[in-house]
Every structure is written in C-alpha cells, then in structure tokens.
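Student: Please take a close look at one part of this structure, the place where the ligand sits. Walk me through what surrounds it.

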Amino acid sequence: MTEMTLIAASGTALPPVRVNRHLIGGAWRDSAEQSERVSPSHGVVVSRSALGTEVEARAAIAAARAAFDDGRWSGLPARARAAVLLKVADLIEANVEPFALIETLESGKPITQSRGEVGGAADLWRHAAALARTIEGDSFNGLGADILATVLKEPVGVVSIITPWNFPFWILSQKLPFALAAGCTCVVKPSEMTPSTTAMLGALLAEAGMPAGVVNIVLGYGDPVGNVMTADPGVDMVSFTGSTAVGRLIGRGASDTLKKVALELGGKNPQVIFPDADLDSAADAVVFGVYFNVGQCCNSGSRIILHEDIAADFIARITDLSRHVTFGDPLDPQTQVGAIVTPEHGARIDGYVQAAAAAGAQVVLGGGPLVVPGLGAQFYRPTIVTGVTPDMAIAREEVFGPVLTVLTFRTLDEALALCNDSDYGLSAGVWSENVHTCLAFARGVQAGTVWTNTWMDGFPEVTFGGMKQSGQGREVGRYGLEEFLEIKSVVMRIGRTRANWVKTR
Ligand code: NAD
C-alpha cells in the first residue's frame, strides 16, 4: 500500500474572479486599494476585495450606531426579527452552490465540505430565529405589597464581529444571527483571506428585508480595520473568533472602553482512548478529527493519549486508515482533505514536525509537503508522530495541520493530568465502553466541550466555547444568545406607602 490516496486535478473550470465591496449603511462601497486572494489549491486569483481603512471602519460603526439608536431593528417585535432571519435561512439554502464554490476556492477546503457548511449554517439562522422569540427576564412579586421588580434583557447594542479563515461562513453564522436575534446591530469583518461569502451574505440580508445599516461589512486586515472595530467607543461589544495571540490583542484594545468581549480561540484538544473502547469507531474518529479541514480546525483532535496496552495496535490502525483518506483537488467531490491556507502556514506546520523529529520523536507516517498532480504544492501529507513527550512544542502548541501527536498513559489520573497540562481548554474526548470512566473523565477534564465516544458532533442547541486560553463567553444555543443581551433591573414602587427620607416636620 502506498503512503496515501491522492486525487489529482479534476480540471474543473474556475469561475470568473469575484469582486467584493464593503456594505455600509445599506450601500456598497469601494476603497482606493484592493486586495487579491490566490486560491491555495489552484494558485490563481479567485477574488479581489476592497481594502478597508480606518475611514470605512468608522463609517460602518457610525451606520450601525445610528441603526441601533433609532430602534429600526431592536424596536421591532421579536417575531418580525425572527421572520427576517428565517428568510435569510431560506436564501442561504437556495444559494449553497455559489457560496460553496468560492468558499472552497478561497480556503482550499473540499467542495463537499463547503456545501455541508453553507447548507448547515441555515440551521443556525433558524435556531437563532426561534430563540429570538424566547427572550425573557425575571419578575419578583414577593418583595412587599408595594413593590414589583423585574429583570429585563436588552440587546447589548453595536457588536463588532471578527471572523477567521478556516470556517468563514459557518463561524459568521455562529455569531451574526444570534446577535441579530437579540436586537443588536453589527459591523462584520471577515478574514482578508476568505471575504467572499460574508460579502455575498450582505446581498441576501437585503433581499430578506433586513433594514439598511443593521449589518455592515468592512473588508480588510486586522490592522487597521479590526483594531478600529475593537477600540472605537461607538462599539459596545466585540465577538471574535481567531488565534489566542490576536484574542489577547482584542482584550487589550477593548480595555480602554471596557466593552464586552467574547473570544473563541485556539485549542490543543486531547482524545483519551481506553483499552475497553470500540477501537474501530475510535480509530475512525481520530483520523477524522485530525485531517478534517487539513487539521486547520480549532477542534482538531491533534493529540491522542493512548492506553499503553493498546498503543501499538491503535497506531497501526490509524496509520492504515490514514492511507485511505483522500487528499487532493478540493473541487473533486471525492476529495476529503484539501489545501493548506498559505505557503507560510505550510512551512510552519513542517517546522513543528521537523523539530519534533530532531528532538527524538518518530514520524511514522507522512511528514513534509505534498505536490498534487496538476495543482500546486500547497498541500501537506497525512502525518503521525509518536514518541512525543509532553514538553515538545508539537504536543503543546496549535500546529493547525494534518499532524497527529501520540502520547501514552496507564491510569485515568495520568490521562487527565496530561490533558489538563495545557494552556488551552477548548474540547476533549474520551473513548471507553464504561460509563463511569467516561463520566469521571468528563468531570475532571478542563474543556468547554467534552465528547464521549464521538468527536466534533455539534448542534445549534448545544453551546460551544473554551476554558482557559481557549476563550471566554459562549456561542450558539441559549447561552450564545445571552452573550448578546444586557441585563437591566427595574424596581417599581406601587402606591406611596414609603415614608419620606427627608423629615420636614
Ligand atoms: P487570526 O487571529 O490570525 O485572525 C482572525 C481574524 O482577526 C481575522 O479576521 C483577522 O484579520 C483579524 N485580526 C488580525 N489581527 C487583528 C487585530 N490586531 N485586531 C483585530 N482583528 C485582527 O486567526 P486565523 O488565522 O484567521 O484563524 C485561525 C485561528 O482561529 C486558530 O487559532 C483557531 O484555533 C482559531 N479558531 C477558533 C475557533 C473557536 O471557535 N474557538 C473557531 C475557528 C478558529
């Protein structure tokens, strides 16, 4: 058996270069300069986008501020906001194909995956629409005969939404419909590498009846656009998904105005496999967890922790399975794993693997870039590294590539100690047929999401987010909606039974 299964260039014709502009106060605006996105898989320009400056960022914030303050969106009954969100969901479903195509060309991810992400995002919009109608507070009727108090939930206000390149449309849909359901207005900045589907959504929002100025889109780099969106006093909250390093900058940038910050950051997610697990299912999930999105995934199951008794057998299983995963042309529907986002990122991935090998780890599969026949060389081999020690960078840092590191353990306590010996706390998994083992693991591990006998299953209803340096705040589901709500207590005295404080006689 060869080392891997390659899918050569399919020869699919590429669409014309897409042109993107900003959406500010309901009008499409260009900039003096443009940026170009070269497809990671095909090596040609696939989109050209207006390159935003501080001017466009401030204009978008002013438009969102005006739209919030005059109540054109927050003042609507929740059922009217929900109706618009439901229309957006329908429009997304009707436009899966063009959205998926440009998502694949800009990000390098397989076309079948892009179709799944774009189509699946419609469900996030529907769930947010349902939640819009459930916003409720508390009432206190037992404080005394002359007192009634209530706690109201109100929209936070103007929200800056800043998104990464690895799941551009999906992550946008984890944030925007929930902010809109709450009644907020928004300024959105997609990654400079994957701007198109966010800009395309702007057109669908208008078609669905979203009032102008409620959602504003500014294209461009973190500096200056993201910086302004973080620090400007006209913004009430920043909702950010991206790297932990930029997350720290966001925290600092927002601190002068003490605005609310929600952060979804990186992960170094462990899966622990016990000898009594269904090893076939575990092996399949491990291989999926590490190669999905070429490992460029916050939830990448990039470190597995194997019980010593099954380690050799399990490594043999996943090595064999890895050889059957299809790597290659993302436009071919047979492809499961596509291209690396930039050449620089490919070199960074390789740097981790070479450093681990130099420090004594064994690269038992892959290691090194990959040339796909008929396409460029911006691909990376499925890679498994054993003999890793917990102090190695490859075991601690986010490699963000198709690279699996393997550690071993003997007892549950040892496994938990290895899992928790990390700055990150995004997700973790356990494989065992013993419910007690699974529950003990779930209670002991420091992670925002724990999967038992599965990996990366997610639902709009089930909230998501990270502990430790993987983030703060939560997304999707009821808790995701609550992030975009402010709490106000209203205390009402009924009648005039209270004695005056000032004694006039
Ligand atoms: P990144 O941090 O480089 O960029 C994310 C966004 O921030 C981009 O839009 C970028 O332009 C913008 N940005 C950059 N500098 C900025 C600044 N100074 N101020 C404001 N905005 C700025 O991340 P990336 O490389 O696009 O995405 C990969 C990272 O995202 C990984 O670390 C991954 O784990 C993380 N991620 C986390 C989740 C999650 O839900 N926890 C999901 C997906 C990705």
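**The ligand site**

Tutor: In this predicted model, an oxygen atom of the ligand is 2.5 Å from an N or O atom in the side chain of Glu398. Lys189 also makes a polar contact: one of its side-chain N or O atoms is 2.8 Å from a ligand oxygen. For Glu264, the distance from a side-chain N or O atom to an oxygen of the ligand is 3.5 Å. Now take the surface. The ligand alone exposes 850 Å². The protein buries 89% of that area.

Next, the shell. There are 28 residues around the ligand. Those that come nearest are Thr163, Trp165, Ser243, Leu265 and Glu398. Glu398 thus appears among the nearest residues and also in the 2.5 Å contact. By class, 14 residues of the shell are nonpolar, 10 are polar and four are charged.

Where do the shell residues come from? Three elements each supply at least two of them: helix H7 (222-231), strand E12 (237-241) and helix H8 (244-255). On the scale of domains, residues of the shell come from both domain 1 (15-265 + 470-489) and domain 2 (270-452), so the ligand lies between the two. The space that the ligand takes is the largest pocket.

One of the contributing elements deserves a second look. Helix H7 supplies at least two shell residues, and Pro224 lies in this helix. The peptide bond leading from Asp223 into Pro224 is cis. Its omega is near 20°.

A further backbone feature is found at Val294. This residue is not a glycine, yet its phi is positive, at about 50°. Val294 belongs to the loop between helix H9 (279-291) and strand E15 (303-307).

Definitions and conventions:
Residues are numbered from 1 along each chain as its sequence is written. This is a predicted model: local features need pLDDT of at least 70, side-chain atom pairs count only at pLDDT 80 or more; totals for chains, interfaces and linings use all residues. Side-chain values use heavy atoms; hydrogens and water are left out. A residue is near a molecule or strand if one of its heavy atoms lies within 4 Å of it. A polar contact is a pair of N or O atoms within 3.5 Å; within protein, one must be able to donate a hydrogen and the other to accept it, and residues adjacent in sequence count only if both atoms are side-chain atoms. Accessible areas come from the Shrake-Rupley method with a 1.4 Å probe; for residues, only the protein chains shown count as cover. On a 1 Å grid over the protein atoms alone, a cavity is a set of points where a 1.4 Å probe fits but cannot get out, and a pocket is an open set with protein on both sides within 12 Å along at least five of seven lines; lining residues have an atom within 4 Å of a point. A molecule sits in a cavity or pocket if more than half of its atoms lie within 2 Å of its grid points. Helices (H or I, at least four residues) and strands (E, at least two) are DSSP runs, numbered from the N terminus. Ala, Val, Leu, Ile, Met, Phe, Trp, Tyr, Cys and Pro count as nonpolar, Asp, Glu, Lys and Arg as charged, and the others, Gly among them, as polar. Domain bounds come from an automatic or database domain assignment.
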